[in-house]
Structure formats: structure tokens, C-alpha cells
Amino acid sequence: VFRNKLAFFAAAKVSSSFPPPDLPEIAFAGRSNVGKSSLLNALTRQWGVVRTSDKPGLTQTINFFKLGSKVCLVDLPGYGFAYAKEEVKDAWEELVKEYVSTRVGLKRVCLLIDTKWGMKPRDYELIDLMERSQTKYQIVLTKTDVVFPIDVARRAMQIEESLKANKSAVQPLMMVSSKSGAGIRSLRTVLAKIARF
Ligand code: GTP
Ligand code: MG
């Protein structure tokens, strides 16, 4: 599926403007600046369709991208962005929560965690919500190129340990670098399987 052409298809600021759930969806969630948009680019090898930025908080709407006519990839706005106005922050967060817990056709949420910083309270909050709504999710450690391999392994163990009791988590967790390309192929394989069902 990842050979298909990626095309932007809808942006939503409120749930009433979500497009009809015609395709299976895979969504990318996580803190602001964790590398969601970059991962979409790396997975599809199509740069320029999804915008990325070193300024956190770039993605401010839920963006839907079609991969051919097979699957919809969804770039969620990041949470925990410190500079945004309170009310704007709350609105994004509510929107993400609503999407993640109610979306029909949502096959998997990739929850991105920065390898260097690890899990934060907001991440746990989202996990709790996905557990309650029985949304299947996959933890993906990002930016593995910026830490030593030993620290990647350590971080992975630490997260696995803290998630042991969770039922909706699809283990094992994956590790990627959009920059070096490490782990991208494996994640592509996993997601391609999901998109088929
Ligand atoms: P928001 O849209 O603000 O939620 O951010 P995002 O999660 O979409 O992050 P984005 O993909 O825009 O990337 C944020 C910054 O991290 C950019 O400067 C990227 O170049 C950088 N980045 C993303 N992935 C990697 C990676 O694998 N390695 C390194 N070193 N930097 C990365
Ligand atoms: Mg983004």
C-alpha cells in the first residue's frame, strides 16, 4: 500500500467536518514535535505532501491523507505544545480525544514517543482513553538517531514495563528514525498488514 500515491484529502478543526469513514484509517498521535508528520513522509517516501516543521505546533487540524484508494493516514495535531493559547490547546486536545475514541474505521493509532524524553502525563492520558474506548494502538519510539542504541533499548524496556497491564496495546513496540530510515521498513510492513483488514 505504501507505494500508492499520497494525497491530502481533508482537514478538520471540529468533528462535524471529519470526512465520511469510507476507508480503513491509521492515525499518528503524540506530543507536539515528536515527529508525526515526518514519519508520514518517511513511510510513504513522499516528501512535501505532509508539512513538517522544527517549530512545534505546526499541525493544528486533523489532516486526512489518502494512500491511493486503499487506506487513509491521519496526521493528528500534537498535544503538550507549550506556547499555544490555553483555549486553543484545549480545543485540539478535545478534538484528538474525540477522534481517537469514536472514529469508525480507525484500525490503529500509532502513538509516537520521543526516545529521548519518554512518556509524559499527556501520553498516559491518551493511553487511558484508548484503553477505555478499546482503540488499538501501537507505541512507536521516534528519533532514535539522536540517542545511543543502548538508550533506545533502555527506553523501550522502561515503556514496555509500564504498559504491561494494558490490553489494547499492540506489542512489541517499534523504534524508528525518519532521519536515518531505521525501523521504517518494519513499521511499513506492520501497518500494511493492518490496512488490508
Ligand atoms: P506537530 O505538527 O507540531 O505536532 O509536530 P510533529 O510531531 O508533526 O513533528 P514534525 O514531523 O514536524 O517534526 C518536528 C521536528 O523534528 C522537525 O524539525 C523534524 O525535522 C524533526 N524530526 C522528525 N523526525 C526526526 C528523526 O527521526 N530524527 C531527527 N533527528 N529529527 C527528526
Ligand atoms: Mg505535524
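Q: Which residue of β7 is the bridge partner of Leu141?
A: In this predicted model, Leu141 has Met175 in β7 as its bridge partner. The two strands concerned, β6 and β7, run parallel and are joined by two bridges.

Q: What makes β6 and β7 count as paired strands?
A: Pairing requires at least two bridges between two strands. Two bridges join β6 to β7, so the requirement is met.

Q: What makes the connection from β6 to β7 a right-handed crossover?
A: The chain leaves β6, passes through helix α4 (residues 149–162) and arrives at β7, which gives a β-α-β crossover that is right-handed. With the strands pointing away from the viewer, a path that runs clockwise from the first strand over the helix to the second is called right-handed.

Q: How do you know that β6 is largely enclosed by the rest of the structure?
A: A residue is buried if 20 or more other C-beta atoms lie within 10 Å of its own. Six of the six residues of β6 (residues 137–142) are buried, and therefore the strand is largely enclosed. Tyr137, Ile139 and Leu141 are buried on one side, and Gln138, Val140 and Thr142 are buried on the other. In a regular strand the side chains alternate between the two faces of the sheet.

Q: Which strand pairs with β6 over six bridges, and in which sense?
A: Strand β5 (residues 106–114) pairs with β6 in the parallel sense over six bridges. One of the residues involved is Cys110, whose bridge partner in β6 is Gln138. From β5 the chain crosses through α3 to β6, and this β-α-β crossover is also right-handed.

Q: Why are β1 and β7 said to stand at the edges of the sheet?
A: The seven strands form an open sheet of mixed pairing, in the order β1-β3-β4-β2-β5-β6-β7. β1 (6–12) and β7 each have a single partner strand, so one side of each lacks a neighbour in the sheet. Elsewhere in the sheet, β2 (residues 25–30) and β4 (residues 71–75) run parallel and are joined by four bridges; Ala27 has Val74 in β4 as its bridge partner.

Q: How do you know that the span of α3 agrees with its length in residues?
A: Helix α3 (residues 121–132) has twelve residues and should span 16 Å at 1.5 Å a residue; its end C-alpha atoms are 17 Å apart, which agrees.

Q: What makes the buried residues of α3 line one face of the helix?
A: The buried residues are Asp123, Leu126, Ile127 and Met130. Seen down the helix axis, they fall within an arc of 100°, so they line one face. Pro121, Tyr124, Asp128 and Arg132, on the other side of α3, are exposed.

Q: Why does Ser178 count as buried?
A: The cut-off is 20 or more other C-beta atoms within 10 Å. Ser178 has 22 C-beta neighbours inside 10 Å, and therefore counts as buried. Ser178 lies in the loop between β7 (174–175) and α5 (184–196). Not counting residues up to four places away in sequence, Ser178 touches Gly35, Ser38, Leu39, Asn41 and Ala42.

Q: Why is the protein chain called as compact as a globular protein of its length?
A: The chain has five helices and seven strands. Its radius of gyration is 15 Å, close to the 16 Å that the globule rule gives for 197 residues, so the description applies.

Technical notes:
Residues numbered from 1 in each chain as written. Chains lettered and ligands numbered in written order. Predicted model: local features only at pLDDT ≥ 70, side-chain atom pairs only at ≥ 80, totals over all residues. Rg over C-alpha atoms; globule rule 2.2 N^0.38 Å. Expected span 1.5 Å × (residues − 1). Buried ≥ 20, exposed ≤ 12 C-beta atoms within 10 Å, placed from the backbone. Arc of directions from axis to C-beta. Contact = placed C-beta atoms within 7 Å.
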